[in-house]
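Please open the model in your viewer and set the side chains to sticks, so that rings can be picked out one at a time. The tour below moves from charges over rings to pairs of rings.

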Amino acid sequence: MPLPRRTFLTGLAAAAGTAGTAAACSARTATGAPAPAHATPGRPAAAHAARRLLPDHWDQLTFRTTPAPREDATDTFRVTGSRPGHLTVDGTTPAAQLAGLRHYLKHTAHANITWAGSQTDLPKRLPAPATTLTGTANVPHRFVLNDTNDGYTGAYHDWAYWEREIDVLALHGYNEVLVYLGADAVQHRAFQEFGYTDEELRAWIPGPAHQPWWLLQNMSSFPHPVSRQLLDARARLGRRICDRLRELGMTPVLPGYYGTVPPGFTDKNPGAKTVPQGDWVGFTRPDWLDPRTGHFARVAAAFYRAQDELFGPTTMYKMDLLHEGGKPGDVPVGDAAKGVEKALRTAHPGATWVILGWQHNPPKAITDAVDKDRMLVVDGLSDRFPHVTDREADWGSTPYTFGSIWNFGGHTALGANTPDWAALYEKWRTKAGSTMRGISLMPEAADNNPAAFELFSELAWRTGELDLKVWFTEWSHARYGARDPHATAAWDVLRRTAYGTTRADEWAEGADGLFGARPDLSVTSAAAWSPKKMRYDPADFEVALTELLAVRRDLRDSSAYRRDLLDVARQALSNRSRVLLPRIKEAYDAGDAARFDRLTREWLALIDLLDRLVATDSRHLLGRWVADARAWGATEKERTELAYDQLSLVTVWGGRDGADAGLRDYANREWAGLVGGLYRLRWSRYFGELRAALAEGREPVRIDWFPIEDAWIRSPGRLATRPSGDVHAVALLVRGRLSVGG
């Protein structure tokens, strides 16, 4: 029987409604500095964001909230200024005002702020716009972040990171943000009402880096039990994120309850009905509680009550019923959907059920069973498959968004299917009977592909034909602060190569590099579910590096230029792996030891150069990522466990079963410490065995990689936490190396 609520309201009770105080009282460093007081009375929330984004110019901006002209109107902004240094930004919400500020920065001030590099070399007095700048969102829903974001982008970010991320998302016009951080505390609190102990639940909840897949009902209990202090700290930060979103007029999209239960639920709750969910890529999936039952209704009520206490209510809840192979058993899917919807409506009348459009989800059995006006499908396949042409038919006219997932696992590959965005977005939005109501930006990891980030964000704020050649020319102007023929040429090359791919080949992301693959002379991708060949001509792409290196010296100081140069140089090196590996195979198959030695030395030299290149940027340091995880631990044991949680995700992903089933290197990325550490270790050992086999006239011994990888994760050696070197100097070396080896 359920336990009385008074037995578990400890520890986290103070988190509800007092996130700032709780964070300020915490001795931990991971959640950042003590929370500031709430927004200064009389100073709009947008002004606070502008102060953070433009500390030398924010006081030249006046922000005003203007109501929408009619009840069903979407967001608008208006930017005016009669003289330099005096600008007024009107908007329906603080976030809409910030969208207006970004429009002004791009088109008048020629500045650029993204989640991957910025350029704000502004005059002392902000220039006045030549004419009034206006904008209207063409869709009401601008949804952002993937369910996997808290894993692949980073589960251990602090408040300083999230504060900046939220500001940048608002600046780009988003109004609905998925928030998973702290969901573990909700489940921990709710299920104590149903016979579970604190210890049992903490053993069931995965480490933070793996929690997204637990919330998707794919797995649990890996790699170590979470601590109580970790649950409390994550709840505090999650509350802070939600409160900041609300201040800016944005909607936190929180996970809803759709039936996941811990092991042994029926034993602790006699009469309950659960459906085993089988396995997911080497993991045992949690059981599913039948949504038609009273037990489900009671668990859902406890879940939403705990969530409201910790984070406050919202109006949008994300639930992916039977995700990636979930099994309904003998439960009719439509009836299950009705039970999930009823529980949501009971707790939050009028709330919207957000569901991912992915693989075969949601089936019409779900969309036909629920109130379509209160469901939103965030489509992850709009730019992936050419057969996706009629989402109204697929989902019975359920409202949906045009979405993109341009990277999987946080791969560092540059590019996106921008021609599909230009061809499809406006066509789908304006066709007769369209139920497209928004955009959904959902790369599996954020903070990459800044040009794609900005272009996709602008879809929701523009109308008419999108000329990509014009757009990329304007982008290069604002990105570096002035027109430069080499910058324009570089981005035109990128437009035609990495950003010129389409869904015709049934991919939405670029091919990953082979340096990050488990060694094999015939390997065609590092991740099992990634493109097996290049989607553009790598030789054409390399011209962009030459052009970026030639951008005039006074435009090279911004983090925007440095990030772009690193991205392009890194991608050029990564692409070369696909040219070089077949040559190594040819040499080995021919028994040409001298050529094999020369080419494998070149391969390892390129790995070393790649590691040196990415070491110039703090965002590309594996050591920084691991340090972020360790900062959340209260003891050395916990710090070690959290580091393993973080490192395992980008290497073996899980245990041996999951790694062997295809999860290994799913989240491969070209980061300093990973490239020069595990990746080099594997290839060096592999080439050494092949060379010995050639010399001895035998077959090579098969290498069992998992114990080698697992040992490296547990003891990776010294990992740099600070960048080193000059990216322009190293990029010149890259250009020289590629020219010699071409």
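Begin by selecting R669 and W671 in this predicted model: the charged end of R669 sits over the ring of W671, at 4.7 Å from its centre. Next select K268 together with Y196, where K268 lies over the face of the Y196 ring, 5.0 Å from the ring centre.

Keep Y196 selected and widen the view, for this tyrosine belongs to a cluster that ring pairs link together, and its members are F191, F194, Y196, W204, W214, Y257, F265, F296, F303, Y304 and Y317.

Now turn to the ring pairs themselves, of which the model has 47 when centres within 6.5 Å are taken as the rule. Select F596 and F687, whose ring centres are 6.1 Å apart and whose planes stand at 90 degrees, so the pair is edge-to-face. Colouring by helix helps here, because F596 lies in helix α21 (residues 593-614) and F687 in helix α25 (residues 674-696), so the pair ties together parts that are 91 residues apart in sequence. Are these two rings buried or exposed? F596 counts as buried at 1% relative accessibility, and F687 is buried as well, with a relative accessible area of 4%.

Leave F687 selected and add W603: the centres of these two rings are 6.3 Å apart with their planes at 85 degrees, so this pair is also edge-to-face. W603 lies in helix α21 and F687 in helix α25, so the pair ties together parts that are 84 residues apart in sequence. W603 counts as buried, at 0% relative accessibility.

Methods: Residues numbered from 1 in each chain as written. Predicted model: local features only at pLDDT ≥ 70, side-chain atom pairs only at ≥ 80, totals over all residues. Heavy atoms only, no water. Phe/Tyr/Trp six-rings, centres within 6.5 Å; stacked < 30°, edge-to-face > 60°. Helix = DSSP H or I, 4+ residues; strand = E, 2+ residues; numbered from the N terminus. Buried < 20%, exposed > 50% of the residue type's maximum accessible area, 1.4 Å probe, protein only. Lys NZ or Arg CZ within 6 Å of the ring centre and 35° of its normal.
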